[in-house]
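Here are a few notes to help you find your way around. Please keep the picture open while you read them.

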Amino acid sequence: MVKRDPDPPTPVSRTVAFGAVFFAIVAPLVFLVILGLGSIGVVEAGRTFAPFAITATVLGLVASIWAIAMPRTRATGITTILVMVPCVFLAAINLVSLLAPAL
């Protein structure tokens, strides 16, 4: 069997990998903004930025799983999903706090 070079990445695989990396950076940063502003007493920051953080987490998970499914971007997908797993827990906490009535 002759060893050959792997196929070059397609525009779709490049876009998916870029999306996975982008959301793996954006989602934790938004959660850090929420935590940072909440720690100094800005309570409205959670209600303002939580939808953006939840959306970035969901889109990051979709892009990471999609990147794992493609052979050329599998390593990128695995790396970004490792970043997204803690964001899922933070997103769940934020979602519960958004749905809970204000006391």
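Which residues of H2 are buried? The numbered points below begin there. Please bear in mind that this is a predicted model.

1. **The buried residues of H2.** Ala45, Ala50, Ala53, Ile54, Ala56, Thr57, Gly60, Ala63, Ser64 and Ala67 are the buried residues in H2. They pack against two partners, helix H1 (11–39) and helix H3. Several of these names will come back in the points that follow.

2. **The length and bend of H2.** Helix H2 covers residues 44–69, and its 26 residues should span 38 Å at 1.5 Å a residue. The C-alpha atoms at its ends are 38 Å apart, so the expected span and the model agree. Have a look at alanine 50 as well, where H2 bends by about 40°. A proline, proline 51, follows within four residues of that bend. Alanine 50 is also among the buried residues of H2.

3. **The nonpolar core.** The largest nonpolar core has 12 residues: Phe23, Ala24, Ala27, Val30, Phe31, Ile34, Ala53, Ile54, Ala56, Met84, Cys87 and Ala91. At least two residues of this core come from each of H1, H2 and H3. H1 supplies the largest share, with six residues.

4. **Cysteine 87, a core member.** If you would like one residue from which to explore the core, try cysteine 87, which belongs to it. Leaving aside residues up to four places away in sequence, cysteine 87 touches Ala27, Pro28, Phe31 and Thr57. Among these, Ala27 and Phe31 are also core residues, while Thr57 is one of the buried residues of H2.

5. **The phenylalanine cluster.** The count of aromatic pairs comes to two. In one of them, phenylalanine 18 and phenylalanine 22 are stacked, at 6.2 Å centre to centre with 25° between the planes. These two are four residues apart in helix H1, which means that about one helical turn separates them. Phenylalanine 18 is exposed because its relative accessible area is 60%, over the 50% cut-off. Phenylalanine 22 counts as partly exposed, at 41% relative accessibility. Phenylalanine 22 also pairs with phenylalanine 23, this time edge-to-face, at 5.2 Å centre to centre and 75° between the planes. Ring pairs thus link Phe18, Phe22 and Phe23 into a cluster, and Phe23 is also part of the largest nonpolar core.

6. **Threonine 80, a buried residue with polar contacts.** Next, turn to helix H3, where threonine 80 is found. Threonine 80 is buried because its relative accessible area is 4%, under the 20% cut-off. Its side chain joins that of serine 64 in a polar contact of 2.9 Å. The side chain of threonine 80 also reaches the backbone oxygen of glycine 77, at 3.1 Å. Not counting residues up to four places away in sequence, threonine 80 touches Ala20, Val21, Ala24 and Ser64.

7. **Isoleucine 81, the neighbour in H3.** Isoleucine 81 lies in helix H3, which runs over residues 74–99. Beyond residues up to four places away in sequence, isoleucine 81 touches Leu61, Ser64, Ile65 and Ile68. Ser64 is therefore touched by isoleucine 81 and by threonine 80, and Ser64 is itself buried. Isoleucine 81 and phenylalanine 23 are 58 residues apart along the chain, and their C-alpha atoms are separated by 10 Å.

Technical notes. Residues are numbered from 1 along each chain as its sequence is written. This is a predicted model: local features need pLDDT of at least 70, side-chain atom pairs count only at pLDDT 80 or more; totals for chains, interfaces and linings use all residues. Side-chain values use heavy atoms; hydrogens and water are left out. Contact means heavy atoms within 4.5 Å. The expected span of a helix is 1.5 Å times one less than its number of residues. The bend at a residue is the angle between axes fitted to the seven residues ending there and the seven starting there. Buried means under 20% relative accessible area, exposed over 50%, partly exposed in between (1.4 Å probe, protein chains only). Rings of Phe, Tyr and Trp (its six-membered ring) pair if their centres lie within 6.5 Å; planes under 30 degrees apart count as stacked, over 60 as edge-to-face and the rest as tilted. A nonpolar core is a set of buried Ala, Val, Leu, Ile, Met, Phe, Trp, Tyr and Cys residues joined through side-chain atoms within 4.5 Å. A polar contact is a pair of N or O atoms within 3.5 Å; within protein, one must be able to donate a hydrogen and the other to accept it, and residues adjacent in sequence count only if both atoms are side-chain atoms.
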